[in-house]
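Here's a quick briefing to read alongside the model. Have a look at it first, then we'll go through the main points.

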Amino acid sequence: MRDAGQLSADLLAWYDVNARVLPWRTSPEDRRAGIRPDPYRVWLSEVMLQQTTVAAVKDYFHRFTGRWPDVQALAAAPDAEVMAEWAGLGYYARARNLLACARAVAARGGQFPDSREGLLSLPGIGPYTAAAIAAIAWDEPATVVDGNVERVMARLFRIETPLPAAKPEMTARAADLTPQLRPGDHAQAVMDLGATICTPRSPACGICPWMGDCAARAAGVQAELPRRAPKAAKPVRQGRLWLARRTDGAWLVETRPDRGLLGGMPGFPGDGWDGAGGPEPLAANWQDIGEVRHTFTHFHLILRILLADVPQEAAPDRGAFLPRAAFRPASLPTVMRKAHDLAARAVPSP
DNA sequence: TAAGCGTGGGT
DNA sequence: TACCCAAGCTT
């Protein structure tokens, strides 16, 4: 295999031609002119991209930056508005940490820390995101290791050790490859390579700039790497969700606890499936209108949906009625939106 | 350290 | 269909 300098040079040449055009990236002309991207946009995109596909992030990124163009604007936003804008993207702790981080940065004058250590101390910024900001926004020779980099390193160096045990070795290999020249472009180039050529299945080795260097390719095992420890089967949980609709069209909604599943998000009162539920929120003529199936990261969920039309003076024990004009299904987490959609189809609104 | 934490698209 | 997995972080 050639040395690290040759590998990085070929990768950067490939990237100069094949870099993906993404909303949070600067244009090729700006890159050639040495213009760095806005750290706020780099940070926001990196947090959104944690365990989330580029396709899913794009619209959210546009809405967030359109509404909150800088970190001070985001820091000043009400919690509920940010959570509502994040609804549907998942991993809602990210949104809570995003706001906490924005407010910490705003409190220090709106400047993100320029060191990896400083970035790591902020909420929601871990080893990957700190390195990504340092490399992409500051052009520091930080080594980013995400799922793409793990896969590329596993194949290039034929690392047979399963993840996550192999992560330290992959990090070390990736660090060896990180150049002093254009480290930010290098970091993005490895990720683009993993996303577009060195893909999980059917990698396009024939057009890979590292084809001749790849140990897994030489051995014909590229499609089998990286190996992973077997995953535990998802259990099935069952429970109920109560959807109370007032005669004026208001829905009974409660804000979930900050910690735990769907933390900080609005939802319909439930029981028996999330450890945060309770008894039915009010006495009513509940009608079982069907079930909602939803899969979370670590369990399958089957929910019976109970719907009731209740009088204007109904006084719930849990949650509060959200007026029709203020109720937007798009501001609910997906499982709750599914339940609402079922109810809206089941019985015509008053 | 390992579990908890969402969702949507691809195969 | 069922499974994989995606620019991970927190506790």
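Which helices each supply at least two residues of the surface near DNA strand C? They are helix 9 (127–136) and helix 10 (147–156). Keep in mind that this is a predicted model. The points below cover the DNA side, then helix 3.

**Around DNA strand C**
- There are 27 residues around DNA strand C, and E46, Q51, G124, D146 and N148 come nearest.
- By type, the residues of this surface split into 9 nonpolar, 9 polar and 9 charged.
- On the DNA side, sugar or phosphate accounts for 69% of the strand C atoms within 4 Å of the protein, and bases make up the rest.

**Polar contacts to the strand**
- G124 uses its backbone: one of its polar backbone atoms sits 2.6 Å from a phosphate oxygen of DNA strand C.
- G147 also works through the backbone, with an N or O atom there 3.2 Å from a phosphate oxygen of the strand.
- D146 brings in its side chain, where an N or O atom is 2.5 Å from a sugar or linking oxygen of DNA strand C.

**Helix 3**
- Helix 3 (residues 39–48) is largely enclosed by the rest of the structure, because 9 of its 10 residues are buried.
- The buried set includes Y40, W43 and E46, and E46 is also one of the residues that come nearest to DNA strand C.
- Among the elements covering those buried residues are helix 4 (54–67), helix 7 (93–107) and helix 9; helix 9 also supplies residues of the surface near DNA strand C.
- At the N-terminal end of helix 3, D38 acts as a cap, with a side-chain oxygen 3.0 Å from the backbone nitrogen of Y40.

Key: Residues numbered from 1 in each chain as written. Chains lettered and ligands numbered in written order. Predicted model: local features only at pLDDT ≥ 70, side-chain atom pairs only at ≥ 80, totals over all residues. Heavy atoms only, no water. Near = heavy atom within 4 Å. Polar contact = N/O pair within 3.5 Å; in protein donor to acceptor, adjacent residues only side chain to side chain. Helix = DSSP H or I, 4+ residues; strand = E, 2+ residues; numbered from the N terminus. Nonpolar A, V, L, I, M, F, W, Y, C, P; charged D, E, K, R; others polar. Buried < 20%, exposed > 50% of the residue type's maximum accessible area, 1.4 Å probe, protein only. Contact = heavy atoms within 4.5 Å.
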